[in-house]
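Trainee: Please choose one part of this structure and take me through it slowly, as I am still learning how to read a model. I would rather understand a single region well than hear a little about everything.

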Amino acid sequence: MHSKTYIFDDTISVIGSFNFDARSSYINSESMVVISSREFTEQLKENVQVDLNKSLIIDKDYSYI
């Protein structure tokens, strides 16, 4: 599954495949889960940061740093 994660105002987490565009709204069968919880959002931010810390960094010339 190709999913996205959005965080709004450190309170609302949105996770799923929805792209926030007309195609996702009217053509594709996309979905999202919306969670209103500061505690959940903090945990999600920590988990995303762990993944970012493991990610490769790409330079302006598209080479890996």
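Mentor: Let us start with F8, which is partly exposed because its relative accessible area of 39% falls between the limits of 20% and 50%. Please keep in mind throughout that this is a predicted model. F8 forms part of a ring pair, and a search of the whole structure finds one aromatic pair. That pair consists of Y6 and F8, whose rings are stacked, with 6.4 Å from centre to centre and 15° between the planes. The pair counts as stacked because its planes are under 30 degrees apart. Y6, the other member, is also partly exposed, with a relative accessible area of 26%.

From this pair we can move on to the sheet, which is the part I have chosen for you. Three strands make up an open sheet in the order β1-β2-β3, and their pairing is antiparallel. The strands at the edges are β1 and β3 (32–36), and each has a single partner strand, so one side of each is left without a neighbour in the sheet. If direction is ignored, neighbouring strands of this sheet are turned by 15° against each other on average.

Now look at how the strands are joined. Between β1 and β2, which run antiparallel, there are five bridges, and across this pairing T5 stands opposite I15 in β2. On the other side, β2 and β3 also run antiparallel and are joined by five bridges. Here I12 stands opposite S36 in β3, while V14 has V34 as its bridge partner in that strand. It helps to remember a general point while you trace these strands: in a regular strand the side chains alternate between the two faces of the sheet.

The link from β1 to β2 deserves a look of its own. These two strands form a hairpin with three residues between them, and D9 lies in that loop, between β1 (4–8) and β2 (12–16). The phi of D9 is near 55°, which is a positive value in a residue other than glycine. D9 counts as exposed because its relative accessibility of 69% is over 50%. A positive phi is also found at Y62, in the segment after α2 (38–54), where the value is near 70° and the residue is again other than glycine. Y62 counts as exposed as well, at 71% relative accessibility.

Back in the sheet, S13 in strand β2 is a good residue on which to pause. S13 is buried, because its relative accessible area of 0% is under 20%. Leaving aside neighbours within four places in sequence, S13 is in contact with Y6, I7, V33, V34, I35, F40, T41 and L44. One of these residues, T41, is joined to S13 by a polar contact of 2.8 Å between their side chains.

The helix α2 also belongs in this picture, since α2 lies across β1, β2 and β3 and runs at about 55° to β2. A residue to follow in helix α2 is E39, which is exposed, with a relative accessible area of 63%. The side chains of E39 and S37 are joined by a polar contact of 3.4 Å. E39 and T11 are 28 residues apart in sequence, yet their C-alpha atoms are 7.9 Å apart in space.

Finally, let us set the sheet within the protein. There are two helices and three strands in the protein, and along the sequence they follow the pattern β-β-α-β-α. The protein is more spread out than a compact globule, because its radius of gyration is 15 Å, well over the 11 Å that the globule rule gives for 65 residues. Along its principal axes, the C-alpha trace spans about 40 × 35 × 20 Å. Of the 65 residues, 15% count as buried, and S13, with its relative accessible area of 0%, is one of the buried residues. Among contacts between residues at least 6 apart in sequence, 31% join residues at least 24 apart.

Notes
Residues are numbered from 1 along each chain as its sequence is written. This is a predicted model: local features need pLDDT of at least 70, side-chain atom pairs count only at pLDDT 80 or more; totals for chains, interfaces and linings use all residues. Side-chain values use heavy atoms; hydrogens and water are left out. Helices (H or I, at least four residues) and strands (E, at least two) are DSSP runs, numbered from the N terminus. Buried means under 20% relative accessible area, exposed over 50%, partly exposed in between (1.4 Å probe, protein chains only). A polar contact is a pair of N or O atoms within 3.5 Å; within protein, one must be able to donate a hydrogen and the other to accept it, and residues adjacent in sequence count only if both atoms are side-chain atoms. Contact means heavy atoms within 4.5 Å. Rings of Phe, Tyr and Trp (its six-membered ring) pair if their centres lie within 6.5 Å; planes under 30 degrees apart count as stacked, over 60 as edge-to-face and the rest as tilted. Two strands pair if DSSP finds at least two bridges between them. Axes are lines fitted to C-alpha atoms, for helices over the stretch in contact, and angles run from 0 to 180 degrees between N-to-C directions. The radius of gyration is taken over C-alpha atoms; the globule rule is 2.2 Å times the number of residues to the power 0.38.
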